[in-house]
Amino acid sequence: MHPYNGAFYNRTEVYRKFGIDRFLYLGSKYPIRHQKKIDRSPYLSDQTSYQNVLDQLMNYHGGRFINLVTMQNHFPYNQHYYNEISKYQATKVSAGTDKSSVNDFATGIHHTDEAMKQFITAIDKIERPITVVFYGDHLPGIYGNEMTKDGLKLHETDYFIYSNRYAREHGARNFKQKTAYVAPNDFIAMAAKQTNSKVDWYQALLTRVYEQLPVITEDVQASGNVNAYNSNSRFITQKGKILKENQLTKKQKALLHDYRLVQYDVTAGKHYVVKTMK
């Protein structure tokens, strides 16, 4: 689900290859409903996005995986979209940072908080187990900090994994191990762990990667390097220490090698491992 144009990043074809059976975007045969915008923003609100998710949850009674990519807090951030921007003023910003953009972004995040609060209240009333993984893909490029000094902070976003009331009453439990630093590829294992779900071979591999390897990321200190073209892997410990691959243990290097082989095989290879595991 994406309340915007579905063509970017070749989403229509990529999602089909990923096995997604229905892609809702503006102009698709599955319409985005409840379309609302906030003040002068050109983007559909997060409230719109969450209401469309609720529609799917209420109209479908089996197991379902929903991937939502929102647009409300997308750039630009210096257009004065919001009426309430005066309430969310930054008191201090780093040199080279556009304070107006920070204020605009913070106001949008406030609206996200309010919409998410309403969404959680709604799913807590549903008598089926529901677990939500919420995260941002990256911070906006509005900060003047030096990447070599503050690169890790500039790549961090907030996240949470929330199981609704019904799920908690039927076995879902929060956990605190290895949660200070995570990467998006950890969320599948983390959600399965929180809900005590039965896993297949691939999810078991992801769980091992999550539990035994530091967080896998790009070179967060690379200056002037576009993320999409950054192929230098780095690893983050739970204490925020940045490691290079040659600093991993022998056992960790072996697990990382296996993980990369599986990644290649299931995405661009001949699916040997998939056929073997059936």
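# Exercises on a predicted model

In this predicted model, Phe18 is located in the loop that runs between α1 (11-17) and β2 (25-26).

**Exercise 1.** Decide whether Phe18 is buried, partly exposed or exposed, and find which residues make a nonpolar surface patch of about 370 Å².

*Solution.* Begin with the position of Phe18, which is the loop between α1 and β2. Next, take its relative accessible area, which is 63%. Since a residue counts as exposed when this value is over 50%, Phe18 is exposed. Finally, look at the patch itself: Phe18, Ile20 and Phe65 make this nonpolar surface of about 370 Å².

**Exercise 2.** Examine the loop between β1 (2-5) and α1, and state what is notable about phi in Tyr9 and in Asn10.

*Solution.* First, place the two residues: Tyr9 belongs to the loop between β1 and α1, and Asn10 is found in the loop between β1 and α1 as well. Second, read the backbone angle of Tyr9, where phi is positive at about 60° although the residue is not a glycine. Third, do this for Asn10, a residue other than glycine whose phi has a positive value near 55°. To complete the picture, add the accessibility: Tyr9 is exposed, with a relative accessible area of 73%, while Asn10, at 43%, counts as partly exposed.

**Exercise 3.** Identify what kind of peptide bond joins Phe75 and Pro76, and say where Pro76 is placed.

*Solution.* Start from omega, which is about 5° for the bond between Phe75 and Pro76; this peptide bond is cis. Then locate Pro76, which has its place in the loop between α2 (46-58) and α3.

**Exercise 4.** Compare the reach of helix α3 with the expected value, and find which residue caps its N-terminal end.

*Solution.* Helix α3 covers residues 99-123, which gives it 25 residues. From its first C-alpha to its last, α3 reaches 36 Å, and this is close to the 36 Å expected at 1.5 Å a residue. Turning to the N-terminal end of α3, we find that Asp98 is the cap, with a side-chain oxygen 3.2 Å from the backbone nitrogen of Ser100.

**Exercise 5.** State how many salt bridges the structure holds, and explain how far apart in sequence the partners are in the pair Glu211 and Lys193.

*Solution.* The general idea comes first: side chains of opposite charge can pair when their charged atoms come close. The structure holds eight salt bridges. Among them is the one in which the side chains of Glu211 and Lys193 meet, at 3.3 Å from N to O. Because Glu211 lies in helix α7 (residues 201-212) and Lys193 in helix α6 (residues 187-195), this pair ties together parts that are 18 residues apart in sequence. As for accessibility, Glu211 is partly exposed at 40%, and Lys193 is partly exposed at 37%.

Another of the salt bridges is formed by Arg260 with Glu245, whose closest N and O atoms are 3.0 Å apart. This pair links distant parts of the chain, for Arg260 is in helix α8 (residues 250-267) and Glu245 is in the loop between β7 (242-243) and α8, 15 residues apart. Arg260 counts as partly exposed at 34% relative accessibility, and Glu245 counts as partly exposed at 30%.

There is also a network, in which salt bridges that share partners join Glu127, Arg165 and Glu169. Within it, the side chains of Arg165 and Glu169 meet at 3.2 Å, N to O. Because these two residues are four apart in helix α5 (residues 165-169), about one helical turn separates Arg165 from Glu169.

**Exercise 6.** Give the strand order of the open sheet that three strands form, and explain why one side of β5 (215-217) and of β7 is left without a neighbour.

*Solution.* The order is β5-β6-β7, and the pairing is antiparallel. Because β5 and β7 stand at the edges and each has a single partner strand, one side of each is left without a neighbour in the sheet. Between strand β6 (residues 234-236) and β7 there are two bridges, and Phe235 stands opposite Leu243 in β7. On the other edge strand, Thr217 lies in β5 and is partly exposed, with a relative accessible area of 24%. Although Thr217 and Phe235 are 18 residues apart in sequence, their C-alpha atoms are 6.0 Å apart in space.

Note on methods. Residues numbered from 1 in each chain as written. Predicted model: local features only at pLDDT ≥ 70, side-chain atom pairs only at ≥ 80, totals over all residues. Heavy atoms only, no water. Expected span 1.5 Å × (residues − 1). Polar contact = N/O pair within 3.5 Å; in protein donor to acceptor, adjacent residues only side chain to side chain. Salt bridge = Lys/Arg side-chain N within 4 Å of Asp/Glu carboxyl O. Buried < 20%, exposed > 50% of the residue type's maximum accessible area, 1.4 Å probe, protein only. Pairing = 2+ DSSP bridges. Patch = residues over 30% accessible without salt bridge, like charges linked within 9 Å, V, L, I, M, F, W, Y side chains within 5 Å. Areas by Shrake-Rupley, 256 points an atom, 1.4 Å probe, with all protein chains shown as cover.
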